[in-house]
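Hello,

Here is the structure I promised to pass on. Have a look through it first, and then read my notes below.

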Amino acid sequence: MPAPLLKIPSITRFSRRVTPALLFAVGACASGGGATGGGAQPGFVSLQDPSGDDNGDGKYVYPTDQVYKPSSFDMRSLEVEDKGATVEFRLKMGRRIEDPWDSKAWGGNGFSVQMAFIHIDTDHKPGSGATVGLPGTNVRFADAEAWDKVVIISPQGPTRLASEIEAKAAEHKARIMVPQITRATGRTLIAVVSKAELGGAPQPGWGYQVLIQSNEGFPAKTDLLTRKVNEFEGQHRFGGGSDYDNDPHVIDIFAGGAKGAADEAATQHKILGSYKKDVTEPKPEDLALVPMIYPDA
Ligand SMILES: [Ca+2]
Ligand SMILES: [Ca+2]
Ligand SMILES: [Ca+2]
């Protein structure tokens, strides 16, 4: 009976890894809602995003170089889980994460082209936190939804990240979390952060928003390792936006209830398309206003 014996370890491993999500999915089905979003399980959050909306305001297109494979920037889900001394963030994308630029050669984390900023509003208090997007994202948040922490998932190693943060976002340093561990497995990007530094386990009432970006190893002086979106796509430039810094440099976000419903794509397009298009030197209020998602609200 070699075959069943061989199968047992992999089944066990798989089950243990997906148990919280599985339990939650079963619960959601039983209630008839089909909704998998929410933080109803203490210390666990699950948000979903539709497929095929990795196009910003609906018009963005990928750079032309072959490393930017279709669906590489198509966010599908975020899970946040209390792991004791740490909190783990799991960001699932639309295709297997690859490492075409051999990140180990530059002290990186095992992947190359993706980057994500996971924003968290831990108090939902007007005026508490930051409303500006990180340099190079060209978005803003509402005063009542100001973000208190942001977890950066980047292929860049901690030394490079620290120097970029110091040079370009020093005023947000206390809010920016560079994970203890950043890695990729299959289609999922994983970040492990200190629970103490985060301010505790995920709490009911916390809000989340993820900005999907692309790691740019040679960013503009003002950009925190972000890849630009221009009017026309290039070898290493997204297209479909603007050559000025008024368009969101964001490929995918959560929208609506973040349950993965198809109409959330249209909502995202409206959100990311709501920037002032006829300005070349935008003021903060000219930028697209990105919402926080409050799973327990
Ligand atoms: Ca998506
Ligand atoms: Ca806040
Ligand atoms: Ca989306």
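Two strands count as paired if DSSP finds at least two bridges between them. Please keep in mind that this is a predicted model.

Let me start with strand 9, residues 188–194. Strand 3 (residues 86–93) pairs with strand 9 in the antiparallel sense, over seven bridges; one of the matched pairs is Lys92 with Thr188. Strand 8 (residues 181–185) is also antiparallel to strand 9, with five bridges, and here Thr182 has Ala191 as its bridge partner. Strands 8 and 9 make a hairpin with two residues between them, and Gly186 in the turn has a positive phi of about 60 degrees.

The side chains of strand 9 alternate along its length. Leu189, Ala191 and Val193 point to one face and are buried, whereas Thr188, Ile190, Val192 and Ser194 point to the other face and are not.

There is also an open sheet of four strands, in the order 7-6-4-10, with mixed pairing. Strand 7 (176–177) and strand 10 (207–214) are at its edges with a single partner strand each, so one side of each has no neighbour in the sheet. Strand 10 runs antiparallel to strand 4 (residues 114–121), and eight bridges join them; Phe117 is bridged to Leu211 of strand 10.

Finally, helix 4 (residues 263–273) has Glu264, Ala265, Gln268, Ile271 and Leu272 as its buried residues. Viewed down the helix axis, these fall within an arc of 125 degrees, so they line one face of helix 4. Strand 11 (288–289) is among the elements that cover them.

Best wishes

Methods:
Residues numbered from 1 in each chain as written. Chains lettered and ligands numbered in written order. Predicted model: local features only at pLDDT ≥ 70, side-chain atom pairs only at ≥ 80, totals over all residues. Buried ≥ 20, exposed ≤ 12 C-beta atoms within 10 Å, placed from the backbone. Arc of directions from axis to C-beta. Contact = placed C-beta atoms within 7 Å.
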